[in-house]
Amino acid sequence: MIITENSIKNISSGRLTRITNVLLLNVSFIDNLGLMHGKTGIAIYFFHLAKATGNKIYEDYAGELIDEIYEEISVSTSWDFENGLADVGWGIEYLVQNGFIEADTDEVLTEFDNRLFQALIYNTPREIELLDGLVGLGAYFLKRIQNPAANYEKIPSLTNKQTLIHLIDELGRRIQDVYVIIREPQKKFQVSGSKFKVSEQTTNHEQQTTNKKPQTFDICWDYLILLWFLGELFNQNMFNFKVEKIVKRLIETINDDKNLPKLHSNRLLLALAVTKLSNCRIDKQQTTNNKPQKP
C-alpha cells in the first residue's frame, strides 16, 4: 500500500511526527532497498510527505535516498518484488509517473528490464505469487508500459509489452489446477517441543483430509493478487482476449459455495477483486459502444 498525501493528512500531527522521526533515525541502518521493507518505500513516503506539508527538506531527503538506492544496487541484488529489483523498479516508475522525479525510465531502468526479462525467460518463477513469483514480475512490466511516455515504436516499450504477453501466456498455463490457486491461506501448526511452528497455506482439500487448520487473513493471497493483476490489465485495455480466458477459468470455480473463503475478511477481499474486474469489463464495453460506427 502506497502512503499518499490524503492518507498523510488523515494522520494526527503527533503520530505523523513520530513516524517521520523513527524513519529519519533508522533509515541509515536499513540494508533493504525494496518498496515493502526498505528504502524505496521510505523514499516514496518522504516524497508524499513533502507534497502534503510543502516542506522541501523532505523532498531533498527522499531524493538522496533514491541516489543511495542506485549506488547500492549490485549484480547480487535479487529480482523479486519483496526485496529486489522488481519492487525498486516499480517504485521508480511510480515516482516518475506521479511527477515526483524527472527521468526517462527507458534509460534509467534499462538494466532492470534486462535482468527481470532474464529472470522470467531463463529462470521462470515456480510460484504465481506477488512477492516472489510471476505476478511480481508482471506488476513491474505492467507499471512500465503504463507510463504515458511509453512509445511502442521504441525497442524498450515494445520489448516490455512482448515480455508481458509471454508472462500472461505463462499464467494461462499455470492455472490448469485452479483448485490449488484458489486455496485460502491457512495456518498449519506443528508442535516442536513446547513451541508452535506456523507455516502458511494448505489447500481446502488438505483441510478436509486432515485435522482442521484455522484460516488466516493474507492481503497477498495468490488468488486475490492474480485477480487484481488481471483487473489492472483490463484497465490498460491490452491483451483482453488472453486475460478474459484466464479470468473465466478463475471465476467459474467460485460459483460453487464450497470453494468460497471461510473467513469473512477474505470473502470481502474477494468481493472487492471481483467488483474491480466487473467494473473494468463494464468500462471496456462502454468504450467499445461509444466508438463511432462505420457508415
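This is a short tour of a predicted model, with a suggestion at each stop of what to select.

Before you start, note that residues are numbered from 1 along each chain as its sequence is written. In this predicted model, local features need pLDDT of at least 70, side-chain atom pairs count only at pLDDT 80 or more, totals for chains, interfaces and linings use all residues, and side-chain values use heavy atoms, with hydrogens and water left out.

**The whole chain**

Begin with a cartoon view of the protein, which holds 14 helices and two strands. Both kinds of element are DSSP runs numbered from the N terminus: helices are H or I with at least four residues, strands are E with at least two. Now colour by accessibility: of the 295 residues, 42% count as buried. Buried means under 20% relative accessible area, exposed means over 50%, and partly exposed lies in between, using a 1.4 Å probe and protein chains only. Contacts, meaning heavy atoms within 4.5 Å, reach far along the chain: among those with a separation of 6 or more, 64% join residues 24 or more positions apart.

**An aromatic group in α3 and α4**

Next, select Tyr45, Phe46, Tyr58 and Tyr61, which form one aromatic cluster. The structure holds eight aromatic pairs. Rings of Phe, Tyr and Trp (its six-membered ring) pair if their centres lie within 6.5 Å; planes under 30 degrees apart are stacked, over 60 edge-to-face, and the rest tilted. Zoom in on Tyr45 and Phe46: with ring centres 5.2 Å apart and planes at 80°, this pair is edge-to-face. Tyr45 has 5% relative accessibility and so counts as buried; Phe46, at 0%, counts as buried too. Phe46 also pairs with Tyr58, this time in a tilted arrangement with 5.9 Å from centre to centre and 35° between the planes. Because Phe46 sits in helix α3 (residues 39–53) and Tyr58 in helix α4 (residues 56–72), that pair ties together parts 12 residues apart in sequence.

Keep both helices on screen. The axes of α3 and α4 come within 8 Å and cross at roughly 160°; here axes are lines fitted to C-alpha atoms, for helices over the stretch in contact, and angles run from 0 to 180 degrees between N-to-C directions. The crossing angle makes α3 roughly antiparallel to α4. For reference, under 35 degrees counts as roughly parallel, over 145 as roughly antiparallel, 65 to 115 as roughly perpendicular, and the rest as oblique. α3 passes α4 in a left-handed crossing, where the near helix is turned anticlockwise from the far one by less than a right angle (clockwise would be right-handed). To see the interface, show side chains including Ile42, Phe46 and Leu49 of α3, which meet a set in α4 that includes Tyr58, Leu65 and Ile69.

**Helix α5 and two partners**

Move on to helix α5 (residues 85–97) and helix α8 (residues 134–145), whose axes lie 9 Å apart at an angle of about 25°. That angle makes α5 roughly parallel to α8, and the crossing is left-handed. Among the residues making the contact are Trp90 and Tyr94 of α5 and Tyr140 and Arg144 of α8.

Now add helix α7 (residues 110–122), which packs with α5 at about 145°, with the axes 10 Å apart. The crossing of α5 and α7 is left-handed. Leu85, Ala86, Val88 and Gly89 of α5 make this contact with Phe112, Arg115 and Leu116 of α7.

**The largest core**

Which residues touch the most other members of the largest nonpolar core? Select Leu164, Tyr223, Leu226, Leu230, Leu233 and Leu250, out of 74 residues in that core. Helix α12 (residues 222–236) gives the most to this core, with nine residues. A nonpolar core is a set of buried Ala, Val, Leu, Ile, Met, Phe, Trp, Tyr and Cys residues joined through side-chain atoms within 4.5 Å. Centre on Tyr223: beyond neighbours within four places in sequence, its contacts include Ile181, Leu250 and Leu270.

**Three last stops**

Select Asn266 in helix α14 (residues 264–289). Is Asn266 buried or exposed? At 0% relative accessibility, Asn266 counts as buried. Leaving aside neighbours within four places in sequence, Asn266 is in contact with residues including Glu184, Asp218 and Trp221.

Then go to Lys245 in helix α13 (residues 240–251), which at 54% relative accessibility counts as exposed. Gly172 is 73 residues away in sequence, yet its C-alpha is 8.1 Å from that of Lys245.

Finish at Tyr179 in helix α10 (residues 178–181), which is partly exposed at 48% relative accessibility. Not counting residues up to four places away in sequence, Tyr179 touches Thr253 and Asn259.
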